[in-house]
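Open the structure in your viewer and keep the selection tool at hand. Each stop below says what to select and what is there.

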Amino acid sequence: MHRLLVQRFGPLDPPRRLDPVEELVLTVLSQNTSDVNSGRAFERLRRRWPTWEALAAAAPSRLAEVIRSGGLSNVKAPRILAILREIAARQDGRIDLDWMRAASTPRVRDYLLSLPGVGPKTAACVLAFSLGRPALPVDTHVFRVARRLGFLGDRVAAARAHDVLEGLGPARLRVGMHVGLIRLGREICKPGRPRCEACPLATLCPTAPSILGSESE
């Protein structure tokens, strides 16, 4: 599947690598919106508060106003502030996660999951995109495609999906599979009727025959 995705989409390179705190904040901003909108909100936030410590002291209403272009700003603003303030409380006022670069993956994952509002997807994004670790973040696109490919049963929740998918193949392919499955979900394996006739994985997918067969009858 990885080879077929590369043939279709080209190199499955991850997004630009950010500092762990930057990745945390950007991942929260990216929830339920486009990359363009979340990127715009992130840039506005960084221009307004050049340090994380300054941002942590901001009022939720003010932050919500600045990041409004990212959508759900009244939900995301207090979530971001809670994360930053918890990091500061654990580190004598400093908001810096550079120690993660030398720490083990289990230690980093456990720390991230202990932060308020941080779930498996956000933790996996920091591991994969900031620290270059072999993680496979499961967003709505990956979750939908993985189910159609038969990797996830109907009773597997999104939180459990990370463990299931990361156990399916070599660690070195996890980040690339994440990128490839997201592109597949956005462009071809969309909600509703998937475009199985254009899918590079159609011959390996248990869902494709039922979709294509129903239209040939």
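The tour covers a helix, pockets, charged pairs and rings, in that order. The model is predicted, and residues are numbered from 1 along each chain.

**Stop 1: helix α8**

Select residues 120-130, which form helix α8. Is this helix enclosed or open to the outside? Nine of its 11 residues are buried, so the helix is largely enclosed by the rest of the structure. Colour the buried ones: Thr122, Ala123, Ala124, Cys125, Val126, Leu127, Ala128, Phe129 and Ser130.

Now show what lies over them. The cover includes α2 (20-29), α7 (105-113), α10 and α11. After α8 comes glycine 132, and its phi is positive, near 70°.

**Stop 2: the largest pocket**

Turn on the surface and look for the largest pocket, which holds about 890 Å³ of space. Which residues are closest to its centre? Of the 32 residues in the lining, they are Ser30, Asp35, Lys121, Ile182 and Arg186. Several helices take part: α2, α3, α8, α9 (140-148) and α11 each give two or more residues to the lining. The helix from the first stop, α8, is thus among the contributors.

**Stop 3: isoleucine 182**

Select isoleucine 182, one of the residues closest to the centre of the largest pocket. Isoleucine 182 belongs to helix α11. Is this residue buried or exposed? Its relative accessible area is 11%, and residues under 20% count as buried, so isoleucine 182 is buried.

Next, show its contacts. Leaving aside neighbours within four places in sequence, isoleucine 182 is in contact with Asp139, His141 and Val142. For a distance to check in the viewer, pick the C-alpha atoms of isoleucine 182 and arginine 144: they are separated by 9.6 Å, while the two residues are 38 apart along the chain.

**Stop 4: charged pairs**

The structure holds nine salt bridges. Begin with arginine 186 and aspartate 35, which form one of them, with the closest N and O atoms 3.5 Å apart. This pair links distant parts of the chain: arginine 186 is in helix α11 (residues 174-187), aspartate 35 is in helix α3 (residues 35-48), and their positions lie 151 residues apart in the numbering. Arginine 186 is partly exposed, at 42% relative accessible area. Both partners were also named at the second stop, among the residues closest to the centre of the largest pocket.

Stay on helix α11 and select glutamate 187 and arginine 183. They form a salt bridge with the closest N and O atoms 3.2 Å apart. Both lie in α11, four residues apart, about one turn of the helix. An α-helix has 3.6 residues a turn, so residues three or four places apart point the same way. Glutamate 187 is partly exposed at 35%, and arginine 183 is also partly exposed, at 30%.

Elsewhere, salt bridges that share partners join Asp19, Asp98 and Arg101 into one network.

Move to helix α10 (residues 158-166) and select aspartate 163 and arginine 160, which are three residues apart, again about one turn. Their side chains meet in a salt bridge of 3.6 Å, N to O. Arginine 160 is partly exposed, with a relative accessible area of 48%.

**Stop 5: rings**

How many aromatic pairs does a search of the whole structure find? The search finds one. Select tryptophan 99 and tyrosine 111: their ring centres are 5.1 Å apart and their planes are at 80°, so the pair is edge-to-face. Tryptophan 99 is in the loop between α6 (73-90) and α7, tyrosine 111 is in helix α7, and the two are 12 residues apart. Tryptophan 99 is partly exposed, at 25%, whereas tyrosine 111 is buried, at 14%.

Keep tyrosine 111 selected and add arginine 90. Arginine 90 lies over the face of this ring, 4.9 Å from the ring centre. For another such arrangement, select arginine 46 and tryptophan 52: the charged end of arginine 46 sits over the ring of tryptophan 52, 4.0 Å from its centre.

**Stop 6: the cavity**

End inside the protein. The structure holds one cavity of 30 Å³ or more. The largest cavity has about 100 Å³ of space. Of the 14 residues that line it, select those closest to its centre: Cys189, Pro194, Cys196, Cys199 and Cys205.

Methods: Side-chain values use heavy atoms; hydrogens and water are left out. A salt bridge is a side-chain nitrogen of Lys or Arg within 4 Å of a carboxyl oxygen of Asp or Glu. Buried means under 20% relative accessible area, exposed over 50%, partly exposed in between (1.4 Å probe, protein chains only). Contact means heavy atoms within 4.5 Å. Rings of Phe, Tyr and Trp (its six-membered ring) pair if their centres lie within 6.5 Å; planes under 30 degrees apart count as stacked, over 60 as edge-to-face and the rest as tilted. A charge sits over a ring if NZ of Lys or CZ of Arg is within 6 Å of the ring centre and within 35 degrees of the ring normal. On a 1 Å grid over the protein atoms alone, a cavity is a set of points where a 1.4 Å probe fits but cannot get out, and a pocket is an open set with protein on both sides within 12 Å along at least five of seven lines; lining residues have an atom within 4 Å of a point. Grid points are joined across faces, edges and corners, and a volume is the space filled by probe spheres set on the points.
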